[in-house]
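Visitor: I should like to take a close look at a single part of this protein, namely its nonpolar core. Please explain how that part is built and how it fits into its surroundings.

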Amino acid sequence: TPDLDLRVREVLATLAREMTGLRVVCVTHEDVMWAFRYRLGKLTVHPGLDHREDAPSDIPHCGILHYTRRTPAG
């Protein structure tokens with residue numbers, strides 16, 4: 001939902017502003033994981049638009065998504 005996407009964007013902005021250089025662990029539910037996944041992966045289609053209850057999810061129960069912020073070499 002747009003509200004969920006907005007909240008995820010605010011969390012990411014807060015992390016960038018207040019946790020620069022630190023490691024962070026977010027523990028959350030599948031819908032929020034999807035929102036983070038789409039925001040961090042810069043994907044264009046929100047998962048809720050094409051998500052069916054009977055479709056298998058590729059985020060398993062107790063799944064872990066790991067993202068790393070890397071500084072470009074230069």
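What share of the contacts in the protein chain with a separation of 6 or more is accounted for by residues 24 or more positions apart?

Guide: The model before us is a predicted one. Residues 24 or more positions apart account for 73% of the contacts in the protein chain with a separation of 6 or more. The chain contains two helices and zero strands. Of its 74 residues, 15% count as buried.

Let us turn to the core itself. In soluble globular proteins, nonpolar side chains tend to be buried together. Here the largest nonpolar core consists of five residues: Leu-4, Val-8, Leu-12, Ala-35 and Phe-36. Two helices, H1 (2-18) and H2 (30-40), each supply at least two residues of this core. The greatest contribution is that of H1, which gives three residues. One set of contacts within this group deserves attention: Ala-35 touches both Leu-4 and Val-8, when residues up to four places away in sequence are not counted.

A further residue of helix H2 is Tyr-38. Is Tyr-38 buried or exposed? The relative accessible area of Tyr-38 is 19%, and buried means under 20%, so Tyr-38 is buried. Tyr-38 also illustrates how positions distant in sequence can be compared in space. Tyr-38 and Asp-5 are 33 residues apart in sequence, while their C-alpha atoms are 9.0 Å apart.

The surroundings include open space as well. The largest pocket holds about 1,000 Å³ of space. It is lined by 21 residues, and those closest to its centre are Val-24, Val-25, Leu-40, Tyr-67 and Thr-68. Helices H1 and H2 appear again here, since each supplies at least two residues of the lining. Sorted by class, the lining comprises 14 nonpolar, five polar and two charged residues.

Finally, the cysteines may be considered. A search of the whole structure finds zero disulfides. Cys-26 has a relative accessibility of 45% and therefore counts as partly exposed. Cys-62, by comparison, has a relative accessible area of 80% and is exposed. A residue of a nonpolar core must be buried, which means under 20% relative accessible area, so neither Cys-26 nor Cys-62 qualifies for such a core.

To return to the part you asked about, the core joins residues from H1 and H2, and Ala-35 is in contact there with Leu-4 and Val-8.

Terms used:
Residues numbered from 1 in each chain as written. Predicted model: local features only at pLDDT ≥ 70, side-chain atom pairs only at ≥ 80, totals over all residues. Heavy atoms only, no water. Disulfide = S-S within 2.5 Å. Buried < 20%, exposed > 50% of the residue type's maximum accessible area, 1.4 Å probe, protein only. Core = buried A, V, L, I, M, F, W, Y, C linked by side-chain atoms within 4.5 Å. Helix = DSSP H or I, 4+ residues; strand = E, 2+ residues; numbered from the N terminus. Contact = heavy atoms within 4.5 Å. 1 Å grid on protein atoms, 1.4 Å probe; cavity = no way out; pocket = protein on both sides within 12 Å on 5 of 7 lines; lining within 4 Å. Points joined across faces, edges and corners; volume = space filled by probe spheres on them. Nonpolar A, V, L, I, M, F, W, Y, C, P; charged D, E, K, R; others polar.
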